[in-house]
Amino acid sequence: MEPLICPYCHTTLPYNSYFCFNCGKKVHEPPISVWTELKIYVYSILLPPIGLWYGYRYLTGKDSIKDPAGKRVGLVAIILTVVVCIALVWQVLLIVKMFTEALNTAMGQMNGGSLDSLGL
Ligand SMILES: [Zn+2]
């Protein structure tokens with residue numbers, strides 16, 4: 001492994017440094033903790049847009065997130081977000097279908113016809 005050069009003060013650092021011992025700036029993102037990983041997954045499930053944002057950041061290694069586990073976390077966050085979105089759309093479609101059927105039944109009872117017979 002090549003030694004690391006601090007991008008701020010150009011001090012040569014051991015390759016596995018997270019912080020520069022000379023200027024104290026962060027040169028590498030520390031490895032993702034289990035808590036951070038869990039937090040990202042929970043965000044992906046409960047707040048899909050945030051999950052996508054995290055997923056994009058980790059997958060592209062933005063903000064010097066160089067942890068190899070980061071790409072995996074990013075990928076899982078995006079997959080979770082997509083799955084949750086598909087499940088949400090599916091639920092909405094199911095509710096719309098139920099509502100339409102209930103409306104059809106109600107209309108049928110009122111008019112002796114259904115929405116279909118009205119050409120809707
Ligand atoms: Zn430095």
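# Close-up views of the model

**View 1. Helix α1 and its two sides.** Helix α1 has 13 residues, and the distance from its first C-alpha to its last is 18 Å, close to the 18 Å expected at 1.5 Å a residue. The expected span used here is 1.5 Å times one less than the number of residues in the helix. Helices (H or I, at least four residues) and strands (E, at least two) are DSSP runs, numbered from the N terminus. Please keep in mind that this is a predicted model: local features need pLDDT of at least 70, side-chain atom pairs count only at pLDDT 80 or more, and totals for chains, interfaces and linings use all residues. Residues are numbered from 1 along each chain as its sequence is written.

Within α1, look for the buried residues Ile 40, Tyr 43 and Ser 44. They sit on the same side of α1, because they cover an arc of only 100° around the axis; the arc is that of the directions from the helix axis to the C-beta atoms. The other side of α1 carries Val 34, Trp 35, Leu 38 and Leu 46, which are exposed. A residue is called buried if 20 or more other C-beta atoms lie within 10 Å of its own, exposed if 12 or fewer, and partly exposed in between, with C-beta atoms placed from the backbone. A handy reminder for this view: an α-helix has 3.6 residues a turn, so residues three or four places apart point the same way.

**View 2. Helix α2 and the glycine that follows.** The 13 residues of α2 should span 18 Å at 1.5 Å a residue, and its end C-alpha atoms are indeed 18 Å apart. Gly 51, Tyr 54, Gly 55 and Tyr 58 are the buried residues to find in α2. Because their arc around the axis is only 100°, they lie on the same side of α2. On the face turned away from that buried side, you will meet the exposed residues Pro 49 and Thr 60. Just after α2 comes Gly 61, with a positive phi of about 65°.

**View 3. The largest nonpolar core.** Seven residues make up this core: Ile 40, Tyr 43, Tyr 54, Tyr 58, Val 73, Ala 77 and Leu 80. Two or more of them come from each of α1 (34–46), α2 (48–60) and α3 (68–111). Helix α3 gives the most, with three residues. A nonpolar core here means a set of buried Ala, Val, Leu, Ile, Met, Phe, Trp, Tyr and Cys residues joined through C-beta atoms within 7 Å. Leu 80 is a good residue to centre on: setting aside residues up to four places away in sequence, Leu 80 touches Tyr 41, Ser 44, Ile 45 and Gly 51. Contact means that the C-beta atoms of two residues, placed from the backbone, lie within 7 Å.

**View 4. Residues of α1 and α3 paired across the sequence.** Val 42 lies in α1 and counts as partly exposed, with 13 C-beta neighbours inside 10 Å. From Val 42 to Ala 77 is 35 residues in sequence and 8.9 Å in space, C-alpha to C-alpha. Leu 38, also in α1, is exposed, with 11 other C-beta atoms within 10 Å. The C-alpha atoms of Leu 38 and Ala 77 are 9.9 Å apart, and the two residues are 39 apart in sequence. Over in α3 is Arg 72, partly exposed with its 14 C-beta neighbours inside 10 Å. Between Arg 72 and Glu 37, 35 residues apart along the chain, the C-alpha separation is 9.9 Å.

**View 5. The loop between β1 and β2.** His 10 is found in the loop between β1 (4–5) and β2 (12–13). Its phi is near 65°, a positive value in a residue other than glycine. Most residues other than glycine have a negative phi. His 10 counts as exposed, with 10 C-beta neighbours inside 10 Å. In strand β1 sits Ile 5, partly exposed with 13 other C-beta atoms within 10 Å. Leaving aside neighbours within four places in sequence, Ile 5 is in contact with His 10 and Thr 12. Ile 5 and Cys 20 are 15 residues apart in sequence, and their C-alpha atoms are 9.0 Å apart.

**View 6. The whole protein and its confidence.** Three helices and two strands follow the pattern β-β-α-α-α along the sequence. Of the 120 residues, 12% count as buried. The mean pLDDT is 83, and 86% of the residues reach 70 or more; pLDDT is the predictor's confidence in each residue, from 0 to 100. Among the elements, β2 has the highest mean pLDDT (91) and α2 the lowest (82).
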